[in-house]
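User: Hi, I have a structure open and would like some help reading its surface. Could we go through it step by step?

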Amino acid sequence: MLNTREIAGLAWLILLLLAVLISGTTRKSMFRVLRSVASLPILVVFGAYFVWIGVGVYLAHFAGIWNSCMLGPTILWALLTGVPLIFGMTSAASDPKWLPQQLRTLLSCPFYSNL
């Protein structure tokens, strides 16, 4: 079950989505972005990512170190940490400092989210 903080966060996300949908120009742009994100190569990458997360959760549950109370944090981690990493991987081959920068960002996110 969701706690009050998660309910409030969902309410703000719904309000933000409604505000985007009300504005005509923003709505058109949003549909263009969604159309481009729904291309087959991107869907395959995200599908593989979420299957990987699911296999990890299943194995952790089988080992007794994950339970259903961890579902919310697991989803938040997958969306707020993993998805930006996937989008940032395009510069990984050309930038030798990419990995240290990403590790620094990943280690600082939990700190800032708990403030």
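User: To start, is Phe50 buried, partly exposed or exposed?
Analyst: Keeping in mind that this is a predicted model, Phe50 is partly exposed, because its relative accessible area comes to 38%, and partly exposed covers what lies between under 20% for buried and over 50% for exposed.

User: Okay, and which aromatic pair does the structure hold?
Analyst: The structure holds one aromatic pair, and it is formed by Tyr49 and Phe50, whose rings are arranged edge-to-face, with 5.0 Å from centre to centre and 65 degrees between the planes.

User: What about Tyr49, buried or exposed?
Analyst: Tyr49 has a relative accessible area of 13%, so Tyr49 counts as buried, given that buried means under 20%.

User: Back to Phe50: which nonpolar surface patch is Phe50 in?
Analyst: Phe50 helps to make a nonpolar surface patch of about 570 Å², together with Leu71, Ile75, Leu76, Leu79 and Leu80.

User: And which helix gives the most to the nonpolar patch?
Analyst: That is helix α4, which spans residues 71-88 and contributes five residues to the patch; Leu79 has its place in helix α4, and with a relative accessibility of 43%, Leu79 is counted as partly exposed.

User: New topic, charges: which residues form the positive surface patch?
Analyst: The positive surface patch is formed by Arg27, Lys28, Arg32 and Arg35.

User: Where is Arg35, and how exposed is it?
Analyst: Arg35 sits in helix α2, which runs over residues 24-37, and Arg35 counts as exposed because its relative accessible area is 60%, where exposed means over 50%.

Note on methods: Residues are numbered from 1 along each chain as its sequence is written. This is a predicted model: local features need pLDDT of at least 70, side-chain atom pairs count only at pLDDT 80 or more; totals for chains, interfaces and linings use all residues. Side-chain values use heavy atoms; hydrogens and water are left out. Patches are made of residues with over 30% relative accessible area and no salt bridge: like charges are joined within 9 Å, nonpolar side chains (Val, Leu, Ile, Met, Phe, Trp, Tyr) within 5 Å. Accessible areas come from the Shrake-Rupley method with a 1.4 Å probe; for residues, only the protein chains shown count as cover. A salt bridge is a side-chain nitrogen of Lys or Arg within 4 Å of a carboxyl oxygen of Asp or Glu. Lys and Arg count as positive and Asp and Glu as negative; His and the chain ends are not counted. The place of a charge is taken as NZ of Lys, CZ of Arg, CG of Asp or CD of Glu. Helices (H or I, at least four residues) and strands (E, at least two) are DSSP runs, numbered from the N terminus. Buried means under 20% relative accessible area, exposed over 50%, partly exposed in between (1.4 Å probe, protein chains only). Rings of Phe, Tyr and Trp (its six-membered ring) pair if their centres lie within 6.5 Å; planes under 30 degrees apart count as stacked, over 60 as edge-to-face and the rest as tilted.
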